[in-house]
Amino acid sequence: MNCTTTTATTTHSTMASSVPRLDTAGIAALLGCTRQHVTSRVTKRVDFPKPYINVSRRIRYWRTSDVKAWMERSI
């Protein structure tokens, strides 16, 4: 692995960790519902923001700002 790739990867992961983000439990807390409801209904809505980070099929993160903007549009 060359240094350029390593530097770019480090920069990306540092930037990703500095962005305020929510998992499904965090979204549930904001909405006042259960994590299961968020997983089965809310995140499947076509107007809900796409995940910012997909770690795996079960672990995903959304930007807090995207979720809050969606909440304001939905009310």
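Against which elements do the buried residues of α2 pack? In the predicted model described here, these residues pack against β1 (21-22), α3 (35-40), β3 (60-63) and α4 (64-74). The overall architecture is considered before this helix is examined in detail.

The secondary structure of the protein consists of four helices and three strands. Read from the N terminus, the elements follow the order α-β-α-α-β-β-α. The protein comprises 75 residues, of which 21% are buried. Among contacts with a separation of 6 or more, 49% join residues 24 or more positions apart. The exposed surface amounts to about 5600 Å², and 56% of this area is supplied by carbon and sulfur atoms.

Helix α2 spans residues 24-31, and T24, G26, I27 and A28 are buried within it. T24, a residue of this helix, has a relative accessibility of 15% and is therefore classed as buried, the threshold for that class being under 20%. When neighbours within four places in sequence are set aside, the contacts of T24 are with R35, V38, T39 and W62. Helix α3 covers residues 35-40 and strand β3 covers residues 60-63, and both are among the elements against which the buried residues of α2 pack. A25 also belongs to helix α2. In contrast to the buried T24, A25 is partly exposed, with a relative accessibility of 39%. The C-alpha atoms of A25 and H37 lie 10.0 Å apart in space, while the two residues are 12 apart in sequence. Just after α2, the backbone at G32 adopts a positive phi of about 75 degrees.

Helix α4 (64-74) is likewise one of the elements packed against the buried residues of α2. T64 lies in α4 and is buried, its relative accessible area being 15%. With neighbours within four places in sequence left aside, T64 is in contact with P20, R21 and L22. Strand β1 is assigned to residues 21-22 and is itself among the packing partners of the buried α2 residues.

Contacts were also examined around strand β2 and the loop that connects α3 with β2. P51 is located in that loop. With a relative accessibility of 25%, P51 is partly exposed. Residues up to four places away in sequence being excluded, P51 touches R60, Y61 and W62. A separation of 9.8 Å is found between the C-alpha atoms of P51 and V67, which are 16 residues apart along the chain. N54 is placed in strand β2. Its relative accessibility of 52% puts N54 in the exposed class, for which the requirement is a value over 50%. Under the exclusion of residues up to four places away, N54 touches I59 and R60. R60 thus appears in the contacts of P51 and also in those of N54.

The charged side chains were then considered. How many salt bridges does a search of the whole structure find? The search returns two. One of the pairs is R45 with D47, whose closest N and O atoms are 2.9 Å apart. R45 is partly exposed at a relative accessible area of 41%, and D47 is also partly exposed, at 36%. Another salt bridge links the side chains of R63 and D66, with an N to O distance of 3.6 Å. R63 counts as partly exposed at 32% relative accessibility, and D66 does so at 26%.

Positive charge is further displayed in a surface patch formed by R35, K44, R57 and R58. R35, a member of this patch, is also among the residues contacted by T24. R58 occupies the loop between β2 (53-54) and β3. The relative accessible area of R58 is 82%, so this residue is classed as exposed.

In summary, α2 has its buried residues packed against β1, α3, β3 and α4. T24 in α2 and T64 in α4 are both buried. The salt-bridge residues R45 and D47 are partly exposed, as are R63 and D66, and the patch residue R58 is exposed.

How values were computed. Residues numbered from 1 in each chain as written. Predicted model: local features only at pLDDT ≥ 70, side-chain atom pairs only at ≥ 80, totals over all residues. Heavy atoms only, no water. Buried < 20%, exposed > 50% of the residue type's maximum accessible area, 1.4 Å probe, protein only. Helix = DSSP H or I, 4+ residues; strand = E, 2+ residues; numbered from the N terminus. Contact = heavy atoms within 4.5 Å. Patch = residues over 30% accessible without salt bridge, like charges linked within 9 Å, V, L, I, M, F, W, Y side chains within 5 Å. Areas by Shrake-Rupley, 256 points an atom, 1.4 Å probe, with all protein chains shown as cover. Salt bridge = Lys/Arg side-chain N within 4 Å of Asp/Glu carboxyl O. Lys, Arg positive; Asp, Glu negative; His and termini not counted. Charge placed at Lys NZ, Arg CZ, Asp CG, Glu CD.
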